[in-house]
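Me: I've got a model open and keep tripping over the labels people put on it. Can you walk me through where they come from?
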Amino acid sequence: MLRVAITGRPNVGKSTLFNRLIGRRRAITARTPGVTRDPVTATVEFSGLRVTFSDTGGYTAGEAPIDRRVSERALEVVAKADVVLFMFEGRQVTGEDELFLEHMNRFREKVLLVVNKIDTPEHESALYEFYRFGFEPVIGISAEHDRGIDELREELERRLHAVAGQGSRRAEAAEAGLVAGSRGDSRRARDRGYGKTLASAHDEINDEEREHDTTITLAILGQPNTGKSTLANALLGRQSSLIDPDPGTTRDVVEGEFTFGQQRFRLLDTAGMRRRSRVDEPVEYYSVNRAVATLSEADVVLLVIDAQKGVSEQDKKIAGLVVKRGCGVVLVLNKWDLMSGASNEFEAICDRVRFVFPVLQFAPIVAISAQENSGIKRMLRTAVQVYQELGERVDTGKLNRSLQEWVNENPPPMVKRRRPKLLYATQTGRRPPVFVIFAGRKSDVPESYVTFIKNRIREEDGYRLTPIRVEIRERSRS
């Protein structure tokens, strides 16, 4: 897979160009400098090639620890890229631009210099100043107004196809025994850092999990500072998300992929979700909206809760959103290494969670320490189980036989001197499982009896860990 990194100092339009190239609004854009911190990635088909684009936080001369880490992460992404779009603002070259140029000299061969905010033909004369840096061609664009993007795409396509051609020739040489294989390098990389614990689980996953070769999308949600980014880094085996004691470090949705056993996962690390009354910055507002939007992509949500602080009203609201979207969910009690270690501590907290989260009575609870890499394998196995349950289907004949038994054992209550008639049932959907019960009169079936049927489906048909929906419909009179 080919990689393209977009970099430059803050507020030169990197995120706007990133969204333009991938064809959708993935990165948050704002006039405030420094909105993007973690690299934001998206993999798309580009000119017949599979290309991963990365929007970096860029380079800043700021001395704050978070500024230094953002700059370091940007340079790490640049080092791994096949092509680097190095962006300037067309109306000025700053001291930060000059400092960044010094760092970029070692990547000169793969740099394509892009000058943004060339909004009109009159602005094109500003491009000549940038040729003094020794990069050719210099491409002027307006990312916001879609000006010059076609020319940029053509040059980017040319460079990517050239890199792809070099890769093909290298692969042919390796096949002929002329180039040393990279297997040893990948093994050494795997054995470093976070990846070691996760890789050691390959032989422990059960056979049922190995049967699934689809990619499961996991979304990490929760309040700020619960350890979501630490967990994402542990799963991906690399420092994909910046970690800082101050809440709100993650702003964009950080995406990555990893494998556990034979199961592939796509991971979405989201910004912390605070109460709306506490969100007073536009950037945080858009961060929360992006986090909510990931629910439409997620198969299973890892709802991360600080085990020391316990659950809160905001956690309940997040849980309500998850259930409404029909995602599977695993409640993750993080920072378990900081707990007292009492023998009944986990059971007591689970009882409290069940009391506070009646809407999530079905959701499994797992205690982990993302910092210490403990409990993560158990969490992933649980996520796989939830995903498998979401895809289960009940045979219509079996479902109707069960429905008849439930009605005979526990008939629905009388309504206006008549007993509701439940005629037949069928499963109409998966992920989440949806069941439709046809009745003589929909209004005659109380909600309490719908809950009873839902619980019996859970008990007898294997939906113990997932959300399910039961709808009552009236039989067509025709």
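Reply: Sure, here are a few labels from this predicted model, each checked against its cut-off.

Me: Why is Ser 374 called partly exposed?
Reply: Its relative accessible area is 35%. Buried would need under 20% and exposed over 50%, so 35% lands in between and Ser 374 gets the middle label.

Me: Where does Ser 374 lie, and which residues does it touch?
Reply: Ser 374 lies in the loop between β12 and α12 (376–390). Leaving out residues up to four places away in sequence, Ser 374 touches Ile 368 and Ser 369. Touching here means heavy atoms within 4.5 Å. As for Lys 335, that residue is 39 places from Ser 374 in sequence, and the two C-alpha atoms are 9.8 Å apart.

Me: What makes β10 and β11 a pair?
Reply: The cut-off is at least two bridges. Strand β10 (residues 300–306) and strand β11 (residues 328–334) have seven, in the parallel sense, so they count as paired. One partnership links Ile 305 to Leu 333 in β11.

Me: How do you know which strands are the edges of the sheet?
Reply: The open sheet has six strands, ordered β8-β9-β7-β10-β11-β12, with mixed pairing. Both β8 (254–260) and β12 (365–367) pair on one side only, which makes them the edge strands. On average, neighbouring strands are turned by 25 degrees against each other, direction ignored.

Me: Which strands does helix α11 lie across?
Reply: Helix α11 (residues 345–356) lies across β11 and β12, and runs at about 140 degrees to β12.

Definitions and conventions
Residues numbered from 1 in each chain as written. Predicted model: local features only at pLDDT ≥ 70, side-chain atom pairs only at ≥ 80, totals over all residues. Heavy atoms only, no water. Helix = DSSP H or I, 4+ residues; strand = E, 2+ residues; numbered from the N terminus. Axes fitted to C-alpha atoms, helices over the stretch in contact; angles between N-to-C directions. Buried < 20%, exposed > 50% of the residue type's maximum accessible area, 1.4 Å probe, protein only.
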